[in-house]
Amino acid sequence: MIVEGLAAWLARADDAHADARELRKKGKILTLRENQLLLRQTDEHETLRAYRHGKSFVTWLIDTYGFEKFGQTWKRFNITVNSPEYKIANTKGVDWDRAFTAAFQKGIGTTSLEAEKAWRAFLSK
């Protein structure tokens, strides 16, 4: 979600939060873990939905913590998910909860659950 969200953030084609706010209103917003697993689907519609979630979350992270701290989180996330300690055989075997926790603690100094909770609160405004 972080890698895909950054790619979508770089495109900056539209309101980064519109889709996520609409999904939140409908009760269909995904957790970070659900979103990461959705990215592994082959259904193009579901993959695009995951990118829209990621774009909103990454935009919020950058706006809230700054690009430098986001960059540290992104770097730690990529190191973590490619580490044998988190990976079984491929990305389907990654312990996403542990990977997100390690990345967020190192990058922005909070848990991924706290960041996600704050992002969801932001979407409610």
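His 17 lies in the loop between H1 and H2, and in this predicted model the residue is buried, because its relative accessible area of 7% falls under 20%. Once its neighbours within four places in sequence are left aside, His 17 is in contact with Ser 56, Thr 59, Trp 60, Phe 122 and Leu 123.

Tyr 51, whose place is in helix H4, gives a second example of how burial is judged. Its relative accessibility is 33%, and Tyr 51 therefore counts as partly exposed, since this class lies between the limits of 20% and 50%. Along the chain, Tyr 51 and Asn 35 are 16 residues apart, while their C-alpha atoms are separated by 8.6 Å.

| Residue | Relative accessible area | Class |
|---|---|---|
| His 17 | 7% | buried |
| Tyr 51 | 33% | partly exposed |

From these two residues we can turn to the protein as a whole. Its secondary structure comes to seven helices and zero strands, so that a reader who follows the sequence meets the pattern α-α-α-α-α-α-α. The protein has 125 residues, of which buried residues make up 43%. About 6,900 Å² of the protein is exposed, and carbon and sulfur atoms supply 52% of that area.

In soluble globular proteins, nonpolar side chains tend to be buried together. In this model, the largest nonpolar core holds 23 residues, and the members that touch the most other members are Phe 57, Leu 61, Phe 77, Phe 104 and Trp 119. Several helices contribute to this core, with at least two residues supplied by each of helix H1 (2–11), helix H2 (18–25), helix H4 (44–65), helix H5 (67–81), helix H6 (96–107) and helix H7 (112–124). Leu 61 can serve as a closer look at one of these members: not counting residues up to four places away in sequence, Leu 61 touches Gly 66, Phe 70, Phe 104 and Ile 108.

The contacts of the protein can also be sorted by separation along the chain. Among contacts between residues at least 6 apart in sequence, 70% join residues at least 24 apart.

Finally, a careful reader should ask how confident the predictor is in what the model shows. The mean pLDDT of the protein is 80, and 82% of its residues reach 70 or more. Among the elements of the protein, the lowest mean pLDDT, 71, belongs to H1, whereas the highest, 92, belongs to H7.

How values were computed. Residues numbered from 1 in each chain as written. Heavy atoms only, no water. Core = buried A, V, L, I, M, F, W, Y, C linked by side-chain atoms within 4.5 Å. Buried < 20%, exposed > 50% of the residue type's maximum accessible area, 1.4 Å probe, protein only. Helix = DSSP H or I, 4+ residues; strand = E, 2+ residues; numbered from the N terminus. Contact = heavy atoms within 4.5 Å. pLDDT = per-residue confidence, 0-100. Areas by Shrake-Rupley, 256 points an atom, 1.4 Å probe, with all protein chains shown as cover.
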